[in-house]
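Visitor: Could you take me through one part of this model closely? I'd like to look at the charged side chains that pair up, and at what surrounds them.

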Amino acid sequence: MEVLGNLHDGRTVVFRPIEPGDKWRLQEGLKMMSPESRYKRFFRSISSFSDADLGFLTEVDHENHEAWVALLAEDQSHPGIGVIRWVRIAGEPDVAEGAVTVIDEFQGQGVGKALLLIGVRTAIENEVRALRVWVMGENHPVLGLMRHGNVVLGPWESGVAAATIALPASIEELSSSPLAALFRSSAIGELEGFVRHPALTQTHVSSTGVPK
């Protein structure tokens, strides 16, 4: 399945589910992120993914772990420009951790909004009722945003807050949900959203938001 869209500058983007063959896109896409963006995503300095990281990020079942990538249609050699990912939480089958990321060069081109629509639609279709994201305690603007609307804030772990946001009943209601503003913050690097999976954990938690 593929979805086509256009950047604000007119270039065509292909959105599709991630595949195991996208491992090289992950590795190369990481290099295209600034050191600051990498740190916000992983809470640590990182220059490459391990084989375990790449396996977890690309070998998904599309039911409990979903990820879609955004690629430039005219340049298949380009590693990609963004991704949205959600992973169902063990013990909370109707809640998934998730995030969207757009690499620095392509922010502000409408990619994050398109990825958000795709991610929310697939989550709703898979009976996910809420998404959980994580934000650093010193990120006061985003914490303030999360205290309004249908957002449950907490618990806190090592200075990081969990925020659980109810999904709308339909994709048409997304514009009135706090998800729109929160994931827009994630796409431009203001909000750190993670999947806390052993394959990605070294010092604390690791991000779902990885350019493919």
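Guide: Happy to. Let's start with D22 and R25, whose side chains meet in a salt bridge with an N to O distance of 3.0 Å. Do keep in mind that this is a predicted model. D22 is buried, with a relative accessible area of 2%, and R25 counts as buried too, at 7% relative accessibility. Both values fall under the 20% cut-off for buried residues. This pair also belongs to a wider group: a network of salt bridges links R16, E19, D22 and R25. As background, side chains of opposite charge can pair when their charged atoms come close.

Next comes K23, which forms a salt bridge with E59, with 2.8 Å between the closest N and O atoms. This contact ties together distant parts of the chain: K23 sits in helix 1 (residues 23-31), while E59 lies in the loop between helix 3 (51-58) and strand 3 (65-72), 36 residues apart. K23 counts as partly exposed because its relative accessibility is 23%, and the buried class stops short of 20%.

The loop that holds E59 follows helix 3, so that helix deserves a look as well. Six of its eight residues are buried, so helix 3 is largely enclosed by the rest of the structure. The buried residues are D53, L54, G55, F56, L57 and T58.

On the other side of that loop is strand 3, which runs antiparallel to strand 2 and is joined to it by five bridges. Within this pairing, V14 stands opposite L71 of strand 3. Strand 2 (residues 12-17) is mostly covered, with five of its six residues buried. Strand 2 also pairs with strand 1 (residues 3-6), again in the antiparallel sense, over four bridges. There, V3 has F15 of strand 2 as its bridge partner. Strands 1 and 2 make a hairpin with five residues between them, and G10 in the turn has a positive phi of about 100 degrees.

One more charged pair rounds this off. R132 forms a salt bridge with E92, the closest N and O atoms lying 3.0 Å apart. Here, too, distant parts of the chain are linked: R132 is in strand 6 (residues 130-136) and E92 in strand 5 (residues 92-102), 40 residues apart. R132 counts as buried at 14% relative accessibility, whereas E92 counts as partly exposed at 29%. The count of salt bridges comes to seven, including the pairs D22 with R25, K23 with E59 and R132 with E92.

Notes: Residues numbered from 1 in each chain as written. Predicted model: local features only at pLDDT ≥ 70, side-chain atom pairs only at ≥ 80, totals over all residues. Heavy atoms only, no water. Salt bridge = Lys/Arg side-chain N within 4 Å of Asp/Glu carboxyl O. Buried < 20%, exposed > 50% of the residue type's maximum accessible area, 1.4 Å probe, protein only. Helix = DSSP H or I, 4+ residues; strand = E, 2+ residues; numbered from the N terminus. Pairing = 2+ DSSP bridges.
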